[in-house]
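Here is a short briefing on one protein chain. Look at the structure first, then read the points below.

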Amino acid sequence: MNPITFPGLGLEFHINRVAFSIFGKPIYWYGIFIAFGFVLAVIYCYYNAPRYGIQKDRVIDLVLFAAPGGIIGARIYYVIFYQDLYRNADGSFNWKEAVAIWDGGLAIYGGVIAAVLILLIFCKVHKIKFTAFADLGSYGLFIGQSIGRWGNFCNQEAFGGLTNLPWRMGLTVAGEYIEVHPTFLYESLWNAAGFAFAHFVLRKRRKFDGEVFLFYLAWYGLGRMWIEGLRTDSLYLFGTGIRVSQLLAALCFLIAGILLLVMLLKVKPGPEKLYVNQVAASKADAADSSASELTEKTQAEQNMEDKQDGSNDH
C-alpha cells in the first residue's frame, strides 16, 4: 500500500494491510486490532464485574452471545444503508455478497444496537438488572472502539475531508495524493478520553445504575456527531443528504444527556439503590438468616440434651 504520512509532524508509515497469512489465508491488521480491543474489553469487564453486582462468569456467558450477535448486527446495519453495493446488474439483491462479511463492511452502531438487545434478553433470562450490566459493558465499548479504530488507519479508510491542519494525514487515493483529517484518530482519542473519565471518576462516584451507560451514549454521540460531519465515507439515509450515523449520534447525545441530567439533578438517587449494594444486602440477609437458623438449631439440640440429662438423673 501507499505510505501514510503526517507531513506536519514529520511522520511516515509504510503499512501492509495484511499482517501475515495462515495456510494461504491473509490475516489483516484490521481484524487484529478489532480482536485485540475486544479481548482487552472482556478482560476489563471480567475483573470489574463485582463492582456492579455481576458475577464474573456472567461476563463470559454474555460474550458467547454478544460477540457473534454484534458482528451480525454491524453487518445488517451496513447492508441496509449500502444496499446498492449488493445489487446485481438487473437490480435484484445479491444475498451471497450481502453475507460475505469477510470482504469487509461493518457499522459500529449496528453492533452496539445488537449488543444492547442481546444484553436485555440475557439480563431478563438471568434476572440481572440491565442498567447495572449496561454500565459495566460501556467500559468495554469505550475500549473496543478506541483500539479498533486503528484498524481503519491500517486500511487507509474512515478519513475526513481535506485540511491543512498541523496533524493532517497524507494519503494516496486513486493515484492522487491528498491531505485529510485523520478522523480515525479523532474517534480513538475521543473514546479513550471517555473511558478515562468513566474509569477514574464515574466508577467511584456512580450514583445510579445506568449512569455510565447514559454517559457513554451522550459522550460518544457528541463526538461522533462532530466527527461524522468530517468523514467522506458516511452512510446516507436512503438517498437523502442526511448522514445516518450523524443523525443517530445527535439523538443519542440529546436523549441520553437529558436523562442523565434529570437523574442527577431531579431524581437524586441514593447509593442504596445501586444493584451492587442490593446484591450485597441480599447476601448479608441470607447469611444472617442462615446464622439465625443455625443458632436456633444448636439451641434446640442443646435443650434436647438437657432434657435427656435430666431424665437420666431421675
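The points that follow go from the whole chain to single residues.

This is a predicted model. The chain has nine helices and six strands. Of its 314 residues, 39% are buried.

**The chain as a whole**

- Take the contacts in the chain with a separation of 6 or more: residues 24 or more positions apart account for 65% of them.
- The chain has an accessible surface of about 18,000 Å². Carbon and sulfur atoms hold 65% of that surface.

**Two patches on the surface**

- Arg 51, Lys 204, Arg 205 and Lys 207 form a positive patch on the surface.
- Look for Lys 207 in the loop between α6 (183-205) and α7 (211-228).
- Lys 207 has a relative accessible area of 43%. It is therefore partly exposed, because that class runs between 20% and 50%.
- A nonpolar patch is also found on the surface, and its members include Ile 242, Leu 247, Leu 251 and Leu 254. Ile 255, Ile 258, Leu 259, Val 262 and Val 267 are in this nonpolar patch as well.
- Together, the residues of the nonpolar patch have about 770 Å² of accessible area.
- Val 267 sits in helix α8, which covers residues 244-267. Its relative accessibility is 45%, so Val 267 counts as partly exposed.

**A closer look at Cys 154**

- Cys 154 belongs to helix α5, residues 130-155.
- Is Cys 154 buried or exposed? Its relative accessibility is 4%, so Cys 154 counts as buried.
- Which residues does Cys 154 touch, leaving out those up to four places away in sequence? They are Met 1, Ile 15, Arg 17, Trp 29 and Phe 33.
- Cys 154 and Val 18 are 136 residues apart in sequence. In space, their C-alpha atoms are 9.1 Å apart.

**Salt bridges**

- Side chains of opposite charge can pair when their charged atoms come close.
- How many salt bridges does a search of the whole structure find? It finds nine.
- One of the salt bridges joins the side chains of Arg 149 and Glu 187, at 3.2 Å from N to O. Arg 149 is in helix α5 and Glu 187 is in helix α6, so this pair ties together parts that are 38 residues apart in sequence.
- Both partners of that bridge count as buried: Arg 149 has 12% relative accessibility, and Glu 187 has 2%.
- Another salt bridge links the side chains of Glu 228 and Arg 224, at 2.7 Å from N to O. Glu 228 and Arg 224 are four residues apart in helix α7, so about one helical turn separates them.
- Glu 228 is buried at 1% relative accessibility. Arg 224 is buried too, with a relative accessible area of 5%.
- Salt bridges that share partners also build one network from Lys 129, Asp 135, Arg 206 and Asp 209.
- Within this network, the side chains of Arg 206 and Asp 209 meet at 2.9 Å, N to O. Arg 206 and Asp 209 are both buried.

Notes: Residues are numbered from 1 along each chain as its sequence is written. This is a predicted model: local features need pLDDT of at least 70, side-chain atom pairs count only at pLDDT 80 or more; totals for chains, interfaces and linings use all residues. Side-chain values use heavy atoms; hydrogens and water are left out. Buried means under 20% relative accessible area, exposed over 50%, partly exposed in between (1.4 Å probe, protein chains only). Contact means heavy atoms within 4.5 Å. Accessible areas come from the Shrake-Rupley method with a 1.4 Å probe; for residues, only the protein chains shown count as cover. Patches are made of residues with over 30% relative accessible area and no salt bridge: like charges are joined within 9 Å, nonpolar side chains (Val, Leu, Ile, Met, Phe, Trp, Tyr) within 5 Å. A salt bridge is a side-chain nitrogen of Lys or Arg within 4 Å of a carboxyl oxygen of Asp or Glu. Lys and Arg count as positive and Asp and Glu as negative; His and the chain ends are not counted. The place of a charge is taken as NZ of Lys, CZ of Arg, CG of Asp or CD of Glu.
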